[in-house]
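Grab a coffee and work through these exercises with the structure open beside you. Each one sets a task and then walks through a solution.

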Amino acid sequence: QVQLVESGGGLVQAGGSLRLSCAASGNFFALTIMGWYRQAPGKQRELVAVINSRGETNYEDSVKGRFIVSRENNWSAVYLQMDSVKPEDTAFYYCYAGVHYSGVLHNEFWGQGTQVTVSS
């Protein structure tokens, strides 16, 4: 099992920056992917950015060029640097982690989430 705890959310003005952090505990050495999802009121949870064991990243189109996901080499933490934020980035942000075996997703873990609010 892996436990995830987010930090760094809050209120930021449009055009500003925010950095989210997520600390992993437990058996995080087995992780193969980490990242961030978000959910805005009345909308479905969506992928924001993930990074895998090869360092490859995948971003939601609207955050490309503005957000950067990174992680510790030992999988103990994942970060989301959010620059040039927009009001539409307002959402509850969830830390995500997964374990793959032979390329198949085997386990998924979620944090409790942290609120990000962007004022216009």
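**Exercise 1. Place strand β8 among its neighbours.**

Start with β3 (residues 18–26): six bridges join this strand to β8, and the two run antiparallel. Strands here are DSSP runs of E with at least two residues, helices are runs of H or I with at least four, and both are numbered from the N terminus. Two strands pair if DSSP finds at least two bridges between them. For a concrete spot to look at, find Cys22, which stands opposite Val78 in β8.

Before going on, a word on the model. It is predicted, so local features need pLDDT of at least 70 and side-chain atom pairs count only at pLDDT 80 or more, while totals for chains, interfaces and linings use all residues. Numbering runs from 1 along each chain as its sequence is written, and side-chain values use heavy atoms, with hydrogens and water left out.

Next, turn to β7 (residues 67–71). Five bridges tie this strand to β8, again antiparallel, and Phe67 has Met82 as its bridge partner in β8. The hairpin of β7 and β8 has five residues between the strands, and there Trp75 takes a positive phi near 70°.

Last step: is β8 enclosed or open? Five of the six residues of β8 (residues 77–82) are buried, so the strand is largely enclosed by the rest of the structure. Buried means under 20% relative accessible area, exposed means over 50%, and partly exposed is in between (1.4 Å probe, protein chains only). As for β7, Phe67, Val69 and Arg71 make up its covered face, while Ile68 and Ser70 make up the uncovered one.

**Exercise 2. Describe the surroundings of Tyr93.**

First, locate Tyr93: it sits in strand β9 (residues 91–101). Then check its exposure: Tyr93 counts as buried because its relative accessibility is 0%.

Now list what it touches, where contact means heavy atoms within 4.5 Å. Leaving out residues up to four places away in sequence, the partners of Tyr93 include Trp36, Tyr37, Arg38, Phe67 and Met82. One of these contacts deserves a closer look: the side chains of Tyr93 and Arg38 are joined by a polar contact of 2.9 Å. (That term covers a pair of N or O atoms within 3.5 Å; within protein, one must be able to donate a hydrogen and the other to accept it, and residues adjacent in sequence count only if both atoms are side-chain atoms.)

**Exercise 3. Follow the salt bridges outward from Arg38.**

Here's the background: side chains of opposite charge can pair when their charged atoms come close. The rule used is a side-chain nitrogen of Lys or Arg within 4 Å of a carboxyl oxygen of Asp or Glu, and the count comes to six salt bridges.

Step one: Arg38 forms a salt bridge with Glu46, with the closest N and O atoms 2.7 Å apart. Arg38 is buried, at a relative accessible area of 5%, whereas Glu46 is partly exposed, at 30%.

Step two: Asp89 forms a salt bridge with Arg66, the closest N and O atoms being 2.8 Å apart. This pair links distant parts of the chain, since Asp89 is in the loop between β8 and β9 and Arg66 is in the loop between β6 (57–59) and β7, 23 residues apart. Both Asp89 and Arg66 are buried.

Step three: put the pieces together. Arg38, Glu46, Glu60, Arg66 and Asp89 are linked in a network of salt bridges.

**Exercise 4. Work out which side chains Glu56 pairs with.**

Begin with the charged partner: Glu56 forms a salt bridge with Arg54, and their closest N and O atoms are 3.1 Å apart. Glu56 is partly exposed, with a relative accessible area of 42%, and Arg54 is exposed, with 63%.

Then look at Asn52, whose side chain makes a polar contact of 2.8 Å with the side chain of Glu56. Asn52 lies in strand β5 (residues 46–52) and counts as buried at 15% relative accessibility. Setting aside neighbours within four places in sequence, Asn52 is in contact with Thr32, Ile33, Arg71 and Trp75. You've already met Trp75 in the hairpin of β7 and β8.
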